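Reader: Hi! Could you walk me through this one?
Author: Happy to, here it is.

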Amino acid sequence: MASPSKDAAKDKTVSLRTERAKRTDAKPADVPQAGYPATRLRRNRRADWSRRLVRETTLTPDDLIWPIFVIEGSGQRQPIEAMPGVDRLSIDLAVKAAEHAATLGLPAIALFPNTDPALRDEAASQAFNPGNLVCRAVRAIKAEVPDLGIICDVALDPYTSHGHDGLLVDGEIDNDKTIEVLIAQALVQAEAGCDILAPSDMMDGRIGAIRAALETNGFTQTQILSYAAKYASAFYGPFRDAVGSGQQLHGDKKTYQMDPANGDEALREVALDVAEGADMVMVKPGLAYLDIVWRVKEAFGLPTFVYQTSGEYAMLAAASERGWLDRERVILESLMACKRAGADAIFSYFAPEAAKRLKDDR
């Protein structure tokens, strides 16, 4: 007589065989089909831990660059009316801002000078003065925060009496004469300790000319971030006021900045700048041009930056002040959109605020 344990094992085996046979004989209709209800995309969104686990794009302080406006004087802080919460800072306060950026984990800042109108002229002579405002700011910041990256704009609009990025000859921007001045400007900034030169002027051939000058003068490690696809945009208005070129500007910049209607042309611009020695490229403005960011990143695969402009900042800040938008959420959402489009880094006036929030959330 079989023991009870053996009988139980035999019954269990028969039961499993029976169940297996039932499944084999099941009609196709009993098998879950693709799509709802077998596929429920909300499952992955149900809990916070799960949303974080499957998140495709991440945003950290490492992705952010803080643009800072500098002015003459000491202890000076000038609010910029069209950019609530953003101030022009004297060099001593810019040093403190740089120290704050480092504590937040920001990898770099970008400096933009507001030059005394009395020092502006048609030749943009202050641009290549080794003792100009931005060069002194670079030296002061490097002395106190040596491990923070410093990016300097290479363009003439903060220094010209007419507000253009290049030299005017017979009423037109002279490309090649402008490049000569840009080279001189780049060299004094590199000598001051600037880590990344960022030509934003959109002159043809300036990347190759600046790279050659840097190599010849021993600045082989100085990086070039080319504003390769910079559009003639209405989103720059508050910035021009911040650097003091807005009221100086005669005419517009459409003969050298790109037509907002063009996308293929942006790829040609990037290709030329990469061939000339750019280490990184920039698309400007940001949110209205994220399709260009995506195309550039897909086509070239090199470090691609985007500039969330003063106009973008002003819109979000103003709407938030009126209670029309949730400031904290729209800041992070707008920056995440830039990352999702393929940007490796983002210039943003929200950088310190966003970095603090991101660090607090860790």
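Author: What follows is a short chat about the fold, one contact site, some backbone features and a surface patch. This is a predicted model, where local features need pLDDT of at least 70, side-chain atom pairs count only at pLDDT 80 or more, and totals for chains, interfaces and linings use all residues. Residues are numbered from 1 along each chain as its sequence is written, and side-chain values use heavy atoms, with hydrogens and water left out.

Reader: Thanks! How many helices and strands are there in the protein?
Author: The protein has 12 helices and 12 strands. Those are DSSP runs numbered from the N terminus, with helices being H or I of at least four residues and strands E of at least two.

Reader: And what share of the residues counts as buried?
Author: Of the 362 residues, 48% are buried. Buried means under 20% relative accessible area, exposed over 50%, and partly exposed in between, using a 1.4 Å probe and protein chains only.

Reader: Let's zoom in. Where does Thr57 lie, and which residues does it touch?
Author: Thr57 sits in the loop between α2 and β1 (64-71). Leaving out residues up to four places away in sequence, Thr57 touches Met336, Lys339 and Arg340; contact means heavy atoms within 4.5 Å.

Reader: Is Thr57 buried or exposed?
Author: Thr57 counts as buried because its relative accessible area is 18%. Thr57 and Ala341 are 284 residues apart in sequence, yet 9.7 Å apart in space, C-alpha to C-alpha.

Reader: Switching to the backbone: which residues does a cis peptide bond join?
Author: One such bond joins Tyr36 and Pro37, with omega about 10°, and another joins Lys284 and Pro285, with omega about 0°. Pro37 is in the loop between α1 and α2, while Pro285 is in the loop between β10 (280-284) and α9 (290-300).
Author: For background, most residues other than glycine have a negative phi, and most peptide bonds are trans.

Reader: What about Ala124, what is its phi?
Author: Phi of Ala124 is near 55°, so a positive value in a residue other than glycine. Ala124 is in the loop between β4 (108-113) and α4 (133-144) and is buried, at 0% relative accessibility.
Author: Met202 also has a positive phi, about 70°, and is buried with a relative accessible area of 5%.

Reader: Last one: where is the place of Arg40?
Author: Arg40 is in the loop between α1 (4-24) and α2 (48-53). Arg40 is partly exposed because its relative accessibility is 41%.
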